[in-house]
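Me: Please take a close look at one part of this model and then work outward from there, explaining each step of the reasoning as you go. I am in my first year, so I would rather have one connected account than a list.

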Amino acid sequence: MLDSLVVFVVSLLIGALGIHVGAQVIAGVSDYSYAAVTALFGALIWGIVGFFFGWIPLLGPALVLLAYLAVVKRRYPGGWVDAAGITLVAWLAVVVVLYVAATVGATSFDAIGVPGT
């Protein structure tokens with residue numbers, strides 16, 4: 001149980017780092033704690049919408065991603081394009097961090113709070 005909690009917290013912090021970088025680059029917002037809350041909300045919404053709709057071929061994953069983008073859009077200034085930009089930069093930042101961490105054997109290649117990692 002403790003191991004799972006540690007993995008969750010570390011993954012959430014890495015996901016928050018990605019959102020923080022994305023928000024800084026796209027929206028000019030620099031607040032890591034705000035990004036951490038966004039990552040937590042995003043992960044929860046991703047999980048809930050995925051549970052109910054994720055099984056629907058093609059439409060399910062699109063709805064899950066749209067719900068995640070809605071969280072980012074709601075939490076940061078700008079519209080849907082900015083939310084997509086923040087999410088894309090967040091994903092790229094997390095991929096880089098996880099690649100480096102996995103290369104040195106510090107973690108596996110996944111993070112909570114940013115989809116697709």
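Reply: In this predicted model, Leu58 counts as exposed, because its relative accessibility of 77% is over the 50% cut-off for that class. Leu58 is placed in the loop between helix 2 and helix 3, and its backbone has a phi near 65 degrees, which is a positive value in a residue that is not glycine. That sign deserves a second look, because most residues other than glycine have a negative phi.

From this loop we can turn to the two helices on either side of it, and ask how they are linked through their rings. When rings are paired by the distance between their centres, with 6.5 Å as the limit, the model has three aromatic pairs. One of them joins Trp46 and Tyr68, whose ring centres are 6.0 Å apart and whose planes stand at 85 degrees, an edge-to-face arrangement. Trp46 belongs to helix 2 (residues 32-53) and Tyr68 to helix 3 (residues 59-75), so this pair ties together parts that are 22 residues apart in sequence. The two partners differ in how much of them is accessible: Trp46, at 33% relative accessibility, is partly exposed, whereas Tyr68 is buried because its 2% falls under the 20% cut-off. Another of the pairs is formed by Phe51 and Phe52, and because their planes lie at 85 degrees with the ring centres 5.1 Å apart, this pair is edge-to-face as well. Phe51 itself counts as exposed, with a relative accessibility of 65%.

Helix 3 also holds Arg75, a residue that shows a charge set against a ring. Arg75 lies over the face of Tyr34, at 3.8 Å from the ring centre. Beyond its neighbours within four places in sequence, Arg75 is in contact with Val37, Thr38 and Phe41 as well as with Tyr34. Which side chain of opposite charge is nearest to Arg75, and how far away is it? The nearest one is Asp31, at 7.7 Å, and Arg75, although buried, has no salt bridge.

The next step is the nonpolar interior, where a general tendency helps: in soluble globular proteins, nonpolar side chains tend to be buried together. Here the largest nonpolar core has 13 residues, and Ile19, Ala39, Val72 and Tyr76 are those with the most contacts inside it. Helix 1 (2-27), helix 2, helix 3 and helix 4 are the elements that give two or more residues to this core, and helix 1 gives the most, with four.

Helix 4 can be followed a little further through two of its residues. Asp82 lies in this helix, which spans residues 80-103, and Asp82 counts as partly exposed because its relative accessible area of 30% falls between the cut-offs of 20% and 50%. If residues up to four places away in sequence are set aside, Asp82 touches Ile26 and Pro77. The C-alpha atom of Asp82 is separated by 9.6 Å from that of Gly22, although these two residues are 60 residues apart along the chain. Ala84, also found in helix 4, is partly exposed, with a relative accessible area of 36%. Its C-alpha atom and that of Lys73, 11 residues apart along the chain, are separated by 8.3 Å.

Terms used: Residues numbered from 1 in each chain as written. Predicted model: local features only at pLDDT ≥ 70, side-chain atom pairs only at ≥ 80, totals over all residues. Heavy atoms only, no water. Buried < 20%, exposed > 50% of the residue type's maximum accessible area, 1.4 Å probe, protein only. Contact = heavy atoms within 4.5 Å. Phe/Tyr/Trp six-rings, centres within 6.5 Å; stacked < 30°, edge-to-face > 60°. Lys NZ or Arg CZ within 6 Å of the ring centre and 35° of its normal. Lys, Arg positive; Asp, Glu negative; His and termini not counted. Salt bridge = Lys/Arg side-chain N within 4 Å of Asp/Glu carboxyl O. Core = buried A, V, L, I, M, F, W, Y, C linked by side-chain atoms within 4.5 Å.
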